[in-house]
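Got your viewer open? Here's a short tour, one selection at a time.

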Amino acid sequence: MGNDLADVLVVGAGPTGLVLACDLARRGAAVRIVDRSPAPPRTSRAKGPNARSLEILDDLGVADEVLAAGSDPLPMLKYRDRLAVAETDPWADSAPSPDAPYDRGRLIAQWRLEGILRDRLAGYGVRVELGREVVGLTEAADGRHVDVTFAEDRTERVRYVVGCDGAHSSVRKLLGIGFEGTTAEDQVMVCGDVDLAEGALDRTRWHQWFDEDGAVMLCPIPGTRTGWWFQAGPERDGRGRPLAPTADGFRRLLARHTALPGRVLTRAELLSTYRVNVRMADRFRAGRVFLAGDAAHVHAVAGGLGMNTGIQDAFNLGWKLDLVLAGHAGTELLDTYEEERLPVAARTLDLTSEQLRATLEAIRRPGGGLDAAITPDTTGLGVGYRWSSLARVHDEAPRHDETPRHGGGLPGSPQPGDRAPDASCVDAATGARTRLHRVFAGPRTTVLGFGPGSAAVLREVAAAYGDAGVRTCRVYAPYESGARSGPGTAVVDDEGHAAAAYGTGAFGDTDTGTGTDTDTGTVVVIRPDHHLGLSAPADDARTVHAYLRRLHGAGRPRNGSPALVDAARKG
């Protein structure tokens, strides 16, 4: 048995596993990540992160690299009987806003995204252990460890295991967790990465040929000169059964449905057959073992939510594991992973099934295409956890002379569990422009204080939790007088975007610039995954402290564990 005891073993080095490993590593957790493949796994499926996943990648410090390596989503050029019949840009009317600077996703090859994340992980001293297959999982009798057996007949002990090993997850199967759902055997697609002769097609468009007897879709792969994603209805044998994908088969499909001769396709690799599976695990946790990404849920590709849902699983779980490992939070915090993410997965299964239905209906008509699956839901920005126990304040019963408080936001403002809005503002110390999501970035809970009345609470929080993974940030209105100083960070909401986004009502009339230094103000607690934990009047310090105790205990510093690690993060 190995001597080194890892905090977390991540099984599977796709985007879900890599995001989780990066998040844990920067927090100082002893994380390992293994993959059964002898070389970094490569796939041709996912076409890139959506808007919410870009926010997560931004927090991890890799968004700039992802943006540089990818491209914006392309207009879709639709054909029927080899003739162009319609062009649609699903994002034509979309634009960044103060509360959401990423209004759309990014096209980038999954293998390129994984390479960026592997490099990021290596910056924390963690590398993927390739060619390592998990064949056994046993929770130790003391309930504090998991013994993991690998195919080479070696057993190693870890504190927690997370299965991010795909739809055919060995971890899920070893746990005996059901994976109920359906497989549509008649809904089949062949996929691959191909090269086309230079100049064969316009690379500023996603080309989609939908005919009554089949389809071909070609989307240019960013960062390549002649590479394309190829998707098509399969060739079939005499009995109507789909044939396995081959380079010659792709050439025949190209010649049949497009005006291009088959010979323009010069290379084909990463070939695969995709069938529509709609399945979800019965549970996402068994003791000290968790499931995330495709290991926990699979669904139709319509809308591009597969990889993105997995990335968001990882971002939900990482901070919770860290707080438990650090001894700040009790293990019951880990129950909120399934509590929050299982309903999201269930809704995603329903949503993508509806998007697939809408797409199949659309392509029956000339001019219909994959844009039928693009809806506001595909950005991921609307996903929240209002039902979660973390969106409710658990505290001792109120005194008989005290009226319970229910938050400090105005009607229509984001509620506990919702994604925390972004907002453009100014760094009070340097005068440089910044954003609230930049303030939130890194592995900490953030406490925002709006209005002069919040200063006392921020000082108390900084004193109690400054060494326990909590940062404070005072958000000043432009008209507030006096020195802009105090613990933690300070920003000036010079354009009123922060007050508008959080509905604090702390700044008086932001249109006229009026307000008083006697405004009570509001305190907002932002979880490490950028979701609201609490919004409370600034004179309700008791509720703020009660919420922070749930996540960070009594504010004890991490004992015997590495300090928070985020020095490698790009500013």
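How many helices and strands does the protein have? Color by secondary structure and you should be looking at 12 helices and 23 strands. Keep in mind that this is a predicted model.

**The whole protein**

Start with everything selected. Of the 571 residues, 56% are buried. Turn on the surface: the accessible area comes to about 23,000 Å², and carbon and sulfur atoms account for 49% of that. Among contacts between residues at least 6 apart in sequence, 71% join residues at least 24 apart.

**Two helices that cross**

Now select residues 51-59, helix α2, together with residues 306-325, helix α7. Their axes come within 9 Å and cross at roughly 45°. That angle is neither under 35 degrees nor in the 65 to 115 range, so α2 and α7 count as oblique to each other. The crossing is left-handed.

Show side chains for the contact: on α2, pick Arg52, Ser53, Ile56 and Asp59; on α7, pick Asn308, Ile311, Gln312 and Phe315. That's a mix of three nonpolar, three polar and two charged residues.

**A loop with positive phi**

Next, go to the loop between β3 (76-80) and β4 (83-88) and click aspartate 81. Its phi is near 55°, a positive value in a residue that isn't glycine. Most residues other than glycine have a negative phi. Is aspartate 81 buried or exposed? Exposed, with a relative accessible area of 58%.

Last stop: arginine 82, in the loop between β3 and β4. Phi is positive for arginine 82 too, near 75°, and this residue is partly exposed at 42% relative accessible area.

Key: Residues numbered from 1 in each chain as written. Predicted model: local features only at pLDDT ≥ 70, side-chain atom pairs only at ≥ 80, totals over all residues. Heavy atoms only, no water. Axes fitted to C-alpha atoms, helices over the stretch in contact; angles between N-to-C directions. Helix = DSSP H or I, 4+ residues; strand = E, 2+ residues; numbered from the N terminus. Parallel < 35°, antiparallel > 145°, perpendicular 65-115°, else oblique. Left-handed = near helix turned anticlockwise from the far one by under 90°. Contact = heavy atoms within 4.5 Å. Nonpolar A, V, L, I, M, F, W, Y, C, P; charged D, E, K, R; others polar. Buried < 20%, exposed > 50% of the residue type's maximum accessible area, 1.4 Å probe, protein only. Areas by Shrake-Rupley, 256 points an atom, 1.4 Å probe, with all protein chains shown as cover.
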